[in-house]
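Reader: I would like a close look at the enclosed empty space in this structure, with attention to what surrounds it. Please take me through it step by step.

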Amino acid sequence: MTLAIVLAADPAAGRLTEPGRPAGEPLTERLAAQWRRAGADDVRIAADLTELADLVAAATGPVLVSGADLVAHTAVLKHLATSPVGPTVALVLTDPPAPGQATVREERGQVVEVDAADASGVFGGALRVGAADLPALADAARRAAGGGPLGAVDRLVADLAARGTLIFAHRVRLLVAHRVGDEAQREAAEAAVAAVDEDRAELKLSVKERDDFFTTFFVSTWSPYVTKAAARIGIGPTGVTMVSVAFAVAAAVLFGTGGRPALVAGAVLLYLGFVLDCVDGQLARYTRHFSAWGGWLDTMADRFKEYVVYAGLGFGATHAGFRYGWALALAAMTLQTVRHMTDTWYGALHDEAARRPKVVSADAGGIGGKLNAASTRVQADTGSVSYWLKRTVVFPIGERWALIAIAAALFGPLVALVAVLVWGTLAFAYTGGLRTLRARWMRVPVLTTVDAGLHRDDGLLARTLPTARRPLLLAVLGALGAAGTLVWALLAVHGGGDLPVWVPVLALVLLLGAAQGSRAPHDGSLDWLVPAALRAAEYLFAIAVGVAGRAPAWLIFGYVLVLTLLHYDLTARLEKRQVAPPLHAATLGWAARSVLLAIGLIAGYASIALATLGAYLLVVFVASVVLAWVVLPARARGGVRSPG
């Protein structure tokens, strides 16, 4: 249950009156009614911070708090109440601060300092506090009840921030929100609210404020109309996601079929599938239907769609006579997965650095500091050529799908795969080099803030091996060993020979050496690269086993695809701050899986090992999904319902 509290303790609350009501009657009732329309289950008016603390102490769900001096669209309050960015979110405005109002400084969407000298905004007088932060909110209210230069609700958020509570910033765009101090300001704010078409603004807000070039100019120019139509006929974001998956699968089939008409039709379906991929997020933002299930499904569906398309292209290239079509598809999938792992962990690193501003500014004159300053300037110059180049050169999903569609339609599957690999490799080198320099400058041991063993995908075997320091060095050595084994296997099979037994054994020893970093502290400035290096090591070793054992190419691709699903599940949970999958231990861990494949290869049953282990992992993955999103939530609710 969501509780909303309107705090009537500020002096301005007594000066603001509703038209037609007795003079001096506060505006709190209007805000209370707006919170009800915004979705609050229970709305209370607290006379002071002490009463607010008592209400919070009895609450069991999220709490919405606002002062009595806020004039805003109801949609602003609804967006704050339903914001998916984090459990605790504060409204941030660009208005000049008035006396008693707290200024804030933001970094990467987080409020890192309140009442800051170098402020980037002013606190908007409203915040949502997640259930886990309610004890801190109640204590902050009691501490702030003693008074101070700031208003009551401003003292509240300042005390929360001083405690280190993670507070995300919710900016107001297109809609109107102002804190007012007298009747003239109230009347001006109400006029500004009335001048904006709330529904039209919400539809525009469903589109991301900053997106990539292709998405901005070739999708978002018309996708809101699809979003509006979907909302009218009652299709939810999950339904749109599933239709998008169907389009991508159909495109993959057409790419595999070959022939110019099929390739052009596949390109069109791929484009439409990407449009729907954007629409599902826009529909969630427009209808405010957010859920952990929806966020997880969107992440998993995006990767599944892309990799199924790679499979279609690989089959099509092979069918057209190119011997290594499946090999290119495997390379594209492996490259993209490793890229995504570095993206995720660099984002976690940057978020952690944002909460440590003193560490970030320690070496502003070094190369990392200069790169950070240059990146900030380019990002701020929205619409410039340098801005769009920076967003395009990293090869985001819109550009990938556009390149695949155009190249496949005009030149065929082989050219499409080669183009994806070339651009993807260059983008990886560009982003990896710059991020490595900036990470050394940040000096933030990000892996010490999360469960490193979980996100390394270590199993029981890795945890039982002796511990060695330098996890990054060990992971890189393991990846190099796996890569070397793959090259040797390719040369041996191409020459008609067999892979010597000692080669996979040596590679396995290097891999298990990487496992010895499992329990070592991941406190190095580049240890955020460890999960990606381990993913690369496992995938390359599995591919080498398949090649050396002369397993069918499609079987090798299918096995690695199952591994990517397991790893993207972990990635999605890290990004959404969720616990481990219910059956994670049953996936054995990358070290044990690699040992089983090596045994299969040495015994002469590489294909059977890949098929059996892949089928087992797929069953575990599906069962884990059902448990996580159907069975366990149903038990918590006391009934049986599917996630929606």
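Author: In this predicted model, the largest cavity holds about 80 Å³ of space, and it belongs to a set of two cavities of 30 Å³ or more that a search of the whole structure finds. Its lining is made up of D457, L566, D569, L570, P581, L583, H584, T587, V620, F621 and S624, and the elements that contribute two or more residues to this lining are α25, spanning 553–575, and α27, spanning 606–637. Sorted by class, the residues around the largest cavity comprise six nonpolar, three polar and two charged.

The second largest cavity, for its part, has a volume of about 60 Å³, and the residues that line it are M341, T344, W345, H455, P531, R535, H567, L570, T571 and L574. Two or more of these residues come from each of α14 (325–354), α24 (530–548) and α25, with α25 giving the most to this lining, namely four residues. The classes here are five nonpolar, four polar and one charged.

Reading the two linings together, one finds that α25 gives two or more residues to the largest cavity and likewise two or more to the second largest. L570 in particular appears in the lining of the largest cavity and also in that of the second largest, so a careful inspection of both spaces can begin from L570, a residue listed for each of them.

Conventions: Residues numbered from 1 in each chain as written. Predicted model: local features only at pLDDT ≥ 70, side-chain atom pairs only at ≥ 80, totals over all residues. Heavy atoms only, no water. 1 Å grid on protein atoms, 1.4 Å probe; cavity = no way out; pocket = protein on both sides within 12 Å on 5 of 7 lines; lining within 4 Å. Points joined across faces, edges and corners; volume = space filled by probe spheres on them. Nonpolar A, V, L, I, M, F, W, Y, C, P; charged D, E, K, R; others polar.
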